[in-house]
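Grab a pencil and let's work through a few exercises together. Try each task yourself before you read the solution.

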Amino acid sequence: MTHQPSSPQAQDGRRPARDPWEDEAETEDFKPLTPEEAVQWRARQPDVSAWRVVRWQLILLALMTLAAMVFFEASPVGWSVFYGGLCIVLPTALMAYGLTSSAWSRWRGASRPKSAGSALAGVFFWEGVKILLALAMLWLAPRIVPDLSWLGLVVGLVVVLKAYWLAFWMGRSRREHVI
């Protein structure tokens, strides 16, 4: 095994061959931000609240359910669309509550306001709860919704999942108009 020198020049004065896996932009153009630049960068980034996502999910759930009920004349398809969206809205609302309003989040905010580790642990915990609740609701769907339409359930699920992008996009466009 040969030892590569850490300098950009090899021992014989020639430049070493470029590593094809090395990210050129990272090694040549990286410049850390100053504290003032970091504050300006944060100010330009959209602030997407978990509750804003839940609000958009509820709006999309209501619109899709109404459209399905009108188009399919209040058939099981409409109820399937509603339940599919509910499989996303309820777990997301529980996670938003857990991260922002629960006793754990209040304790973490009071005792460790700058602890990234506990915040990350909370996100992992509540994301796990959210996934388990969504899976349980999907498993219970045939028992809860009479004459379940799987296509309607998937449509409701997918449309309500798009609320994440909608909330992000709306937050970004609102921020761009302010700045």
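**Exercise 1: Aromatic pairs**

Task: How many aromatic pairs does the structure hold, and how is the pair of Phe71 and Phe72 classed?

Solution: Keep in mind that you're looking at a predicted model. The count of aromatic pairs comes to 3. Now take Phe71 and Phe72: their ring centres are 4.9 Å apart, and their planes meet at 90°. Planes over 60 degrees apart count as edge-to-face, so Phe71 and Phe72 make an edge-to-face pair.

Next, try Phe125 and Trp126. Here the centres are 5.1 Å apart with 80° between the planes, and this pair is edge-to-face too.

**Exercise 2: Buried or exposed?**

Task: Sort Phe71, Phe72, Phe125 and Trp126 into buried, partly exposed or exposed.

Solution: You need two cut-offs: under 20% relative accessible area is buried, and over 50% is exposed. Go residue by residue:

- Phe71 has 65% relative accessibility, so it counts as exposed.
- Phe72 has 38%, so it counts as partly exposed.
- Phe125 has 51%, so it is exposed.
- Trp126 has 14%, so it is buried.

Now zoom out to the whole protein chain: of its 179 residues, 28% count as buried. The chain exposes about 12900 Å², and carbon and sulfur atoms supply 67% of that area.

**Exercise 3: Checking a helix**

Task: Helix H3 covers residues 50-71; what should its 22 residues span, at 1.5 Å a residue?

Solution: First, work out the expected span: the rule takes 1.5 Å times one less than the number of residues, and for H3 that gives 32 Å. Then compare this with the model, where the end C-alpha atoms of H3 are 31 Å apart, which agrees.

Which residues of H3 are buried? They are Arg52, Val53, Val54, Gln57, Leu60, Leu61, Thr65, Ala68 and Met69. Step just past H3 and you meet Glu73, which takes a positive phi of about 55°.

**Exercise 4: The whole chain**

Task: How many helices and strands does the protein chain have?

Solution: Count the elements and you get 8 helices and 0 strands. Reading from the N terminus on, the order is α-α-α-α-α-α-α-α. For the contacts, look at those with a separation of 6 or more: residues 24 or more positions apart account for 74% of them.

**Exercise 5: A charge over a ring**

Task: Which residue lies over the face of Trp139?

Solution: Look for Arg143, which lies over that face at 4.3 Å from the ring centre.

Key:
Residues numbered from 1 in each chain as written. Predicted model: local features only at pLDDT ≥ 70, side-chain atom pairs only at ≥ 80, totals over all residues. Heavy atoms only, no water. Helix = DSSP H or I, 4+ residues; strand = E, 2+ residues; numbered from the N terminus. Expected span 1.5 Å × (residues − 1). Buried < 20%, exposed > 50% of the residue type's maximum accessible area, 1.4 Å probe, protein only. Phe/Tyr/Trp six-rings, centres within 6.5 Å; stacked < 30°, edge-to-face > 60°. Lys NZ or Arg CZ within 6 Å of the ring centre and 35° of its normal. Contact = heavy atoms within 4.5 Å. Areas by Shrake-Rupley, 256 points an atom, 1.4 Å probe, with all protein chains shown as cover.
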